[in-house]
Amino acid sequence: MNQGRGPRYSRIVAELRQRIETGELAPGDRVPSTREITRQWNVAMATATKALTELRREGLVRAVPGVGTVVAERRPVRTGRPPAAARPIAPPAPAVPTRRDNAPEQALTLGRIVAAAIAVADVEGLATVSMRRVAAGLGVSTMALYRHVADKDDLVTRMTDAAFAQWPLPESPPEGWRERLTLVARMLWDMFRRHPWLAPALSVTRPQPVAGAMPYTEWVLATLDRSGLDLPTALSVHLTLFNYIRGTAVNVEMEAEAEALTGMDNEEWMDTQEPALQAILATDRFPTLERLTTGGYDFDLDALFEFGLQRILDGMAPLLGEAT
């Protein structure tokens, strides 16, 4: 690689492009992250970001939530012309079953449809789930799905029900109210972590009639009723706790979408914001915040959830103490 010619980011792009085209980096392999690029090529974060953006523009790489930037399955053929970068490669169109090839549709079940939709949502987000997208993944016509589900709203409700059904509550609950609520809260958190689309799909103001979610509501209400709390107050406690868990978990999908869009995880993105933050802090208007950033803060969403959960339970203790 000629170190003396061309913008720095373009030389990084050329080197990574060559590694992809020669097979050194195969489809699905992770390419260096922005942070790794800054270390290996000794460049600024902005240069590293620009390099990965160019590779994505050329269709050579794609961002996978929770994984990072990987080599795309289909790579453009080099022709000596300007990069096919300006012409994004479209994924192959799904095959449409013919009348003689309708075996997949005959074997289609509601369970298969829901499982396929969940698989799409887990990886690509709820916004990408459509009847057409799910049908393509199953190798059937879109109309075949309508024999099992009414529309996307119906499909999402069934997805939600199936997701909750995968996490049954224990038959032998712990004794104390705090232990019971901690258990159910952590189960919900783990569920939202496993299915990032699930928290945004649920509503507190317009709750969906999801049979699979009702055992969780029953668990909390029965726990509080057993502790002597009146049921209207118990429902308020349940909604407060649930909305805290759901509200915190909404950030999981938001982060996944941001990572897919930028190719950077939250730490890498924060690194790109460092100069702007330091410029603001240099005004000496926020001395306490400046001391915090100087000492450092290890942001962890799981730890934040656990901290908030315990503080909410602390706040409930006097209320339950008064009721017993």
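"Partly exposed" here means a relative accessible area between the buried range, under 20%, and the exposed range, over 50%. Arg194 comes in at 46%, so this arginine counts as partly exposed. Keep those cut-offs handy for the views below, which are all taken from a predicted model.

**View 1. The whole chain, before zooming in.** The protein's secondary structure adds up to 15 helices and 2 strands. Of its 324 residues, 37% are buried. About 18,400 Å² is exposed, with carbon and sulfur atoms supplying 56% of that area. If you take the contacts with a separation of 6 or more, 67% of them join residues 24 or more positions apart. As for confidence, the mean pLDDT is 81, and 84% of the residues reach 70 or more.

**View 2. A stretch to read with care: residues 75-100.** Here pLDDT stays under 50. The model does have 26 contacts beyond four places in sequence for these residues, but keep that confidence value in mind when you look at them.

**View 3. Inside the largest nonpolar core.** This core has 59 residues, and the ones touching the most other members are Val129, Val134, Leu155, Met159, Phe192, Trp197 and Ile245. Helix H9 (residues 177-194) puts in the largest share, 9 residues. Apart from this core lies another one, of 16 residues, among them Ile37, Val43, Ala51 and Leu52. As a general point, nonpolar side chains tend to be buried together in soluble globular proteins.

**View 4. Closing in on Val129.** What does Val129 touch, leaving out residues up to four places away in sequence? The list is Ala117, Val120, Ala121, Val134, Lys152, Leu155 and Met159. Val134, Leu155 and Met159 are also named with Val129 among the residues that touch the most other core members.

**View 5. Arg194 and Asp122, a bridge between helices.** These two form a salt bridge, with the closest N and O atoms 3.1 Å apart. Arg194 sits in helix H9 and Asp122 in helix H5 (residues 110-124), so the pair links distant parts of the chain, 72 residues apart. Is each end buried or exposed? Arg194 is partly exposed at 46%, whereas Asp122, at 18% relative accessibility, counts as buried because the cut-off is under 20%.

**View 6. Asp154 and Arg158, a bridge within one helix.** Both residues belong to helix H8 (residues 152-165) and are 4 residues apart, about one turn of the helix. Their salt bridge has its closest N and O atoms 3.2 Å apart. Arg158 is partly exposed, with a relative accessible area of 33%.

**View 7. Arg226 and Glu175, a helix tied to a loop.** In this salt bridge the closest N and O atoms are 3.0 Å apart. Arg226 lies in helix H11 (residues 214-226) and Glu175 in the loop between H8 and H9, so the bridge ties together parts 51 residues apart in sequence. Arg226 is partly exposed at 47%, while Glu175 is exposed at 59%.

**View 8. A salt-bridge network.** Arg178, Arg311 and Asp314 are linked together here by salt bridges. For the protein, the count comes to 11 salt bridges.

**View 9. A nonpolar patch on the surface.** Ile280, Phe286, Leu289, Leu292, Tyr297, Phe299 and Leu304 make up this patch of about 670 Å². Phe286 is found in the loop between helix H13 (266-281) and helix H14 (287-295). Its relative accessible area is 32%, so Phe286 is partly exposed and passes the patch cut-off of over 30%.

Conventions: Residues are numbered from 1 along each chain as its sequence is written. This is a predicted model: local features need pLDDT of at least 70, side-chain atom pairs count only at pLDDT 80 or more; totals for chains, interfaces and linings use all residues. Side-chain values use heavy atoms; hydrogens and water are left out. Patches are made of residues with over 30% relative accessible area and no salt bridge: like charges are joined within 9 Å, nonpolar side chains (Val, Leu, Ile, Met, Phe, Trp, Tyr) within 5 Å. Accessible areas come from the Shrake-Rupley method with a 1.4 Å probe; for residues, only the protein chains shown count as cover. A salt bridge is a side-chain nitrogen of Lys or Arg within 4 Å of a carboxyl oxygen of Asp or Glu. Buried means under 20% relative accessible area, exposed over 50%, partly exposed in between (1.4 Å probe, protein chains only). A nonpolar core is a set of buried Ala, Val, Leu, Ile, Met, Phe, Trp, Tyr and Cys residues joined through side-chain atoms within 4.5 Å. Contact means heavy atoms within 4.5 Å. pLDDT is the predictor's confidence in each residue, from 0 to 100.
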